[in-house]
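Student: I would like to go through this model with you and ask how each label is earned.
Tutor: Gladly; let us look at it together.

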Amino acid sequence: MWQYIVKRLLLMLPTLIGAALVVFLLMHVVPGDIALLIIGGDQGGDINPQELVKLRAQLGLNQPLYVQFFSWLWGVAHLNFGTSLWTGTSVMNEIMIRLPLSLEVAIAATVVSTLIAIPLGTIAAIRQDTWVDYVVRVVSIGGLAIPSFWAGILIILFLVIYFDWAPPLEFVSLFRHPWENLAQLIWPILSVGYRYAAVTTRMTRSTVLEVMREDYVRTAWAKGLRERAVVVKHALKNAILPVITIIGTEFAFLIGGLVVTETVFTLNGIGRFMVDAIAHRDIPVVQTLVLLIACVFVVVNLMVDLLYAWLDPRISYR
Amino acid sequence: MAIATRPARPGERPQALPRHHAWGAIGKFVRTKPLGAAGAAIIVLMALTAVCADLIAPYDVYEINQQLQFTPPSLAHWLGTDEFGRDVLTRIIYGARIALFIGLVSSFLGATGGAVIGVFSAYLGGKTDLWIQRLMDILLAFPLLVLALAIVTVLGRSIPNLIVAIAIPVIPRTARIVRSSALSAKENVYVEAARAVGSSHLRVMWCHIVPNIMAPFLIILTAQLGSAILTEAALSFLGLGTAEPTPSWGLMLSGGAPMYAEKAPWLAIFPGLAISLAVFGFNLFGDSLRDALDPKLRHRT
């Protein structure tokens with residue numbers, strides 16, 4: 001199995017480097033660069049051409065593209081992700097400030113959504129075309145339809161009117177002030193969790209529906225097992241694999257994809273960091289973040305595949 | 001285009017009254033798929049609103065009237081007015097145009113692009129397939145919204161660029177699914193037969209592979225429509241999509257709405273409701289369409 005894991009990880013290297021390269025080239029196609037933004041500000045005021053040339057040289061932007069890319073890649077190979085061109089601090093530091101928050105929201109939202117989704121999806125499937133099914137389907141399709149920023153605005157509106165809520169100025173760590181931290185993050189977690197619960201519920205419902213028609217489920221019924229045993233032991237166990245895939249994919253997306261939620265709740269997370277870095281043409285930061293998100297994606301996919309083998313002994317890895 | 005008539009199968013009554021037949025089909029759809037029918041009704045309503053916006057909108061979309069700033073919902077302004085005194089209902093009505101236009105064009109472009117890539121990738125196979133799939137993997141590694149955001153930043157803020165930015169993330173998602181359908185279609189004997197009688201590769205792809213991928217293509221297209229509307233709203237909300245004074249639902253929620261939410265909650269509520277309703281309609285319809293077209297789910301007990 002270890003051999004399999006190592007092989008999978010090595011196979012992913014080209015994709016990761018490719019992703020970084022695509023982003024790198026994309027960022028160089030953008031009109032304007034960070035030197036212009038630093039000197040001219042967002043409005044692009046008076047720009048002294050000599051100063052611009054000097055700053056570009058200072059930031060290493062005057063080197064040929066391949067030199068810029070490979071020197072960054074060489075740094076990455078030594079776990080040195082470079083410095084942010086905008087703030088001048090190490091990219092790793094900047095990320096470590098924001099990663100705990102993004103991870104916490106992603107993990108908590110995934111847990112919340114899974115806890116809601118699997119029971120709901122299963123019930124909807126075994127009671128197909130009854131009112132329970134219709135309610136679950138409408139609520140879950142609704143979850144997909146409600147834009148997360150609107151849900152966020154409504155939640156904040158509700159909190160402001162009824163609880164005199166104010167957006168937190170600073171994020172407190174989960175380990176130092178667990179209670180306060182939870183109070184800060186519970187609303188973003190719930191608003192994201194509901195949306196992703198909708199995705200998982202739909203997946204659970206359709207896979208359970210498919211499995212319920214299998215021969216072994218009919219056999220289980222014929223043996224006279226109670227409904228609970230048929231559903232949990234025979235149907236759900238077989239239906240769960242695609243559901244795990246979708247939970248894994250969602251989790252990977254949650255790390256970098258929460259731009260909108262972070263904006264609404266003024267959270268300083270990875271998603272916002274990415275958007276700001278793109279806006280500032282801060283290439284080392286963007287590349288490193290893309291690498292991070294892609295890595296999470298790859299590792300989660302690998303874990304899902306390993307989980308498959310553990311849950312389903314028929315699957316083995318060579 | 002004339003309505004296609006098919007020869008009656010044995011045991012089937014000839015279609016003497018095609019109009020009745022059409023109504024019967026709609027009636028059957030409503031009875032067997034009530035949720036899908038509800039979705040279709042929402043879509044039709046939205047399309048009508050978009051087309052007839054000039055007729056039904058009570059006010060001018062762009063008219064600014066500072067005296068009417070933040071008028072609460074009333075008989076004159078059913079959904080109130082915004083910080084510039086513009087009628088919210090009027091802007092929501094015109095917003096249906098923007099949402100439908102951007103949603104339709106971008107998901108059609110994205111799904112078609114993905115389908116073309118998927119069919120070529122599956123049909124050509126070998127190294128080409130491998131390289132195309134790696135490229136799709138790279139695109140898939142980005143969260144949808146982040147990719148769209150990056151593209152809009154690169155291209156600049158305009159409606160055509162917005163459409164491209166929403167369409168591109170759809171491509172790898174469609175390409176994957178279409179490729180797997182096309183792979184199994186390629187194995188059919190008639191594909192080999194078509195090649196044997198001298199059909200060109202393009203002809204084989206168009207006449208024998210493409211009909212086989214229409215079902216997944218349509219499913220993805222409808223599924224993407226809702227998500228395209230959401231992406232447009234999110235980008236506009238973040239200030240990277242449509243620009244003022246375009247009446248876009250996402251834009252109506254950005255800037256002013258959260259800031260004045262306490263004072264004028266209608267500004268925060270109604271545009272969001274419009275987005276949710278539209279996406280809800282497309283998703284309901286798309287779901288039923290999938291149930292109807294997906295052979296795996298068709299024969300339900």
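**Reading the labels**

Tutor: Let us begin where the chains meet: 38 residues of chain A are in contact with 35 residues of chain B. Keep in mind that this is a predicted model.

Student: What makes two residues count as "in contact" here?

Tutor: The test is that their C-beta atoms, placed from the backbone, lie within 7 Å. On the chain A side, the elements giving two or more residues are helix 1 (2–29), helix 6 (131–145), helix 7 (148–163), helix 10 (227–256), helix 11 (259–264), helix 12 (270–279) and helix 13 (283–311) of chain A. Helix 7 of chain A gives the most, with eight residues.

Student: How do the residues on the side of chain A that touches chain B divide into nonpolar, polar and charged?

Tutor: There are 29 nonpolar, six polar and three charged residues on that side.

Student: Why is Asp129(A) called exposed?

Tutor: Asp129(A) has 12 other C-beta atoms within 10 Å. The label "exposed" asks for 12 or fewer, so Asp129(A) qualifies. Asp129(A) sits in the loop between helix 5 (91–126) and helix 6 of chain A, and its phi is positive, about 65°, although it is not a glycine.

Student: And what makes Thr266(A) exposed?

Tutor: The count for Thr266(A) is 12 other C-beta atoms within 10 Å. With the cut-off at 12 or fewer, Thr266(A) is therefore exposed. Thr266(A) lies in the loop between helix 11 and helix 12 of chain A; its phi is near 45°, a positive value in a residue other than glycine.

Student: How do you know that the length of helix 5 of chain B agrees with its number of residues?

Tutor: Helix 5 of chain B covers residues 126–140, which is 15 residues. The expected span is 1.5 Å times one less than the number of residues, so it should be 21 Å, and the end C-alpha atoms are 21 Å apart, which agrees.

Student: Which residues of helix 5 of chain B are buried, and what do they pack against?

Tutor: The buried ones are Met136(B), Ile138(B) and Leu140(B). To be called buried, a residue needs 20 or more other C-beta atoms within 10 Å. These buried residues pack against helix 1 of chain A together with helix 8 (170–186) of chain B.

Student: What is chain A built from?

Tutor: Chain A has 13 helices and zero strands. Buried residues make up 38% of its 318 residues, and its C-alpha atoms fill a box of roughly 85 × 60 × 35 Å along the principal axes. Among its contacts between residues at least 6 apart in sequence, 73% join residues at least 24 apart.

Student: Where are the domains of chain A?

Tutor: The domain assignment gives domain 1 (34–80) and domain 2 (91–311). The centres of these two domains of chain A, taken over C-alpha atoms, are separated by 38 Å.

Student: How confident is the predictor in chain B?

Tutor: The mean pLDDT of chain B is 81, and 89% of its residues reach 70 or more. Among its elements, helix 14 (residues 295–298) of chain B has the lowest mean, 51, and helix 4 (residues 88–124) of chain B the highest, 91. Over residues 1–6 of chain B the pLDDT is below 50, and beyond near neighbours in sequence this stretch has one contact in the model. Residues 297–301 of chain B are also below 50, with two such contacts. Where pLDDT is low, the predicted coordinates should not be read in detail.

Student: What are the ipTM and pTM of the model?

Tutor: The model scores ipTM 0.78 and pTM 0.81.

Technical notes
Residues are numbered from 1 along each chain as its sequence is written. Chains are lettered from A and ligands numbered from 1 in the order in which they are written. This is a predicted model: local features need pLDDT of at least 70, side-chain atom pairs count only at pLDDT 80 or more; totals for chains, interfaces and linings use all residues. Helices (H or I, at least four residues) and strands (E, at least two) are DSSP runs, numbered from the N terminus. Ala, Val, Leu, Ile, Met, Phe, Trp, Tyr, Cys and Pro count as nonpolar, Asp, Glu, Lys and Arg as charged, and the others, Gly among them, as polar. Domain bounds come from an automatic or database domain assignment. pLDDT is the predictor's confidence in each residue, from 0 to 100.
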